[in-house]
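Here are some short exercises on a ligand site, each with a worked solution. Have the sequence and the 3D view open, and try each task before reading on.

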Amino acid sequence: MKVAVVGATGLVGGVMFQVLKEHKFPITELYPVASARSVGKKINYEGKDYTVIGLEDAVALRPDVAIFSAGGSTSLEWAPKFAEVGTVVVDNSSAWRMDPTKKLVVPEVNAGELNKEDLIIANPNCSTIQMVLALAPLHKAFGIKRLVISTYQSFTGTGVPAVNQYEAEKRGEDTSDTDRPYHYPIFENCIPHCDVFLDNAYTKEEMKLVHETRKILGDDSIAITATAVRVPVHGGHSESVNVEFHKPFTVEKVRELLAETPGIIVQDDLKNNLYPMPLLAKHKDEVFVGRIRRDESIENGLNLWIVADNLRKGAATNAVQIATYLMEHGLIGEAATVSH
Ligand code: 2RA
């Protein structure tokens, strides 16, 4: 496969190469792609140095697949240009997620929707991916009526600038006069402000959970409210999810459905203090679910605690899994060339 990684020098880009290598994705040609200021830099992949190239050159090379993690404006401008030459784009930004003509995919949930017409495919937001992977089998079994979500999101979700702010504050430096991504210190703090505020007093991050969840589960009737909080944690995003179902359920059946879902690991052994934590999820591809218990305050209510590495299953791993599905189903590469 000829693979372009767009945003190759970013935090997710670096994890993308790690995941491609770990998943043994069959790469014949690798094109690290970045903005003009990074062109010419070297990326080492599996012991070989590759030179970072610009977007125009990358399009001309007609990769089979281009995995983007380069921000919404770059995706909006360049994903169509790759698609025009027959490249399939898997995009990590929010640019295409709510476009009604584009698929929003968590492979274990809805990869089956993909076909050869899909040349731009959207990777959901990290906090959406880990949650819908756990909720999909429960929605199918019991029908979700309402979700109340609180997220505790790693600062790595905001990329290198946030890591630099955290590390500086951890060294005891005052970052107030720097071009820091957060309005306040993140070290030893929690900030209830992920992305920008909207007119309804929610943040874009909170509304992503609302809209993307409904699109992936294919059910606009689900009532959803969310609070997204930035926390000084390295290893991943954590989420407290309260679910109200239409139908009765048993906790045992919930646990059974989660345990048999590919990509989910149930960590729920209170006697041994076993529950999901970013400490345990860091560098892993799975989504970890625990603290599974009935919400006794309402009929058909359930509480879950869901944790995943936001740079992996929340971004790079999900995107590589989409690319792997496309390859295994002849939707990219030589097989696709015949059918495209
Ligand atoms: C965040 N989900 O955590 C957003 C983007 N990665 O900042």
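Helices (at least four residues) and strands (at least two) are DSSP runs, numbered from the N terminus. Keep in mind that this is a predicted model.

**Exercise 1.** Find which strand holds Gln 153 and which helix holds Cys 126.

*Solution.* Start with Gln 153, which belongs to strand E9, residues 144-154. Then turn to Cys 126: this residue is part of helix H5, which covers residues 126-142.

**Exercise 2.** List the residues that surround the ligand, then sort them by class.

*Solution.* Step one is to apply the cut-off: a residue is near a molecule if one of its heavy atoms lies within 4 Å of it. Around the ligand we find Asn 125, Cys 126, Gln 153, Gly 157, Thr 158, Glu 205, Arg 230 and His 237. Step two is the sorting, which gives one nonpolar, five polar and two charged residues.

**Exercise 3.** Identify polar atoms of Asn 125, Gln 153 and Gly 157 that lie close to ligand atoms, using a limit of 3.5 Å for N or O pairs.

*Solution.* Take the ligand nitrogen atoms to begin with. A polar side-chain atom of Asn 125 is 2.8 Å from a nitrogen atom of the ligand. A polar backbone atom of Gly 157 lies 3.0 Å from a ligand nitrogen atom. On the oxygen side, a polar side-chain atom of Gln 153 is 3.2 Å from an oxygen atom of the ligand. As for cover, the ligand on its own has 240 Å² of accessible area, and the protein covers 77% of that.

**Exercise 4.** Which residues does UniProt annotate as "active site" and "binding site", and where do they lie?

*Solution.* First, the unreviewed UniProt entry gives Cys 126 and His 237 as "active site". They are spread over 112 residues of sequence, yet they cluster in space, with a largest C-alpha distance of 8.1 Å. Both Cys 126 and His 237 are in the lining of the largest pocket.

Next, the entry lists Gln 153 and Arg 230 under "binding site". These span 78 residues of sequence, but cluster in space too, with a largest C-alpha distance of 4.8 Å. The lining of the largest pocket includes Gln 153 and Arg 230.

Finally, place the ligand: the space it takes is the largest pocket.

Terms used: Residues are numbered from 1 along each chain as its sequence is written. This is a predicted model: local features need pLDDT of at least 70, side-chain atom pairs count only at pLDDT 80 or more; totals for chains, interfaces and linings use all residues. Side-chain values use heavy atoms; hydrogens and water are left out. A polar contact is a pair of N or O atoms within 3.5 Å; within protein, one must be able to donate a hydrogen and the other to accept it, and residues adjacent in sequence count only if both atoms are side-chain atoms. Accessible areas come from the Shrake-Rupley method with a 1.4 Å probe; for residues, only the protein chains shown count as cover. On a 1 Å grid over the protein atoms alone, a cavity is a set of points where a 1.4 Å probe fits but cannot get out, and a pocket is an open set with protein on both sides within 12 Å along at least five of seven lines; lining residues have an atom within 4 Å of a point. A molecule sits in a cavity or pocket if more than half of its atoms lie within 2 Å of its grid points. Ala, Val, Leu, Ile, Met, Phe, Trp, Tyr, Cys and Pro count as nonpolar, Asp, Glu, Lys and Arg as charged, and the others, Gly among them, as polar. UniProt positions are given in the numbering used here, feature names are shortened, and annotations may be inferred rather than shown by experiment.
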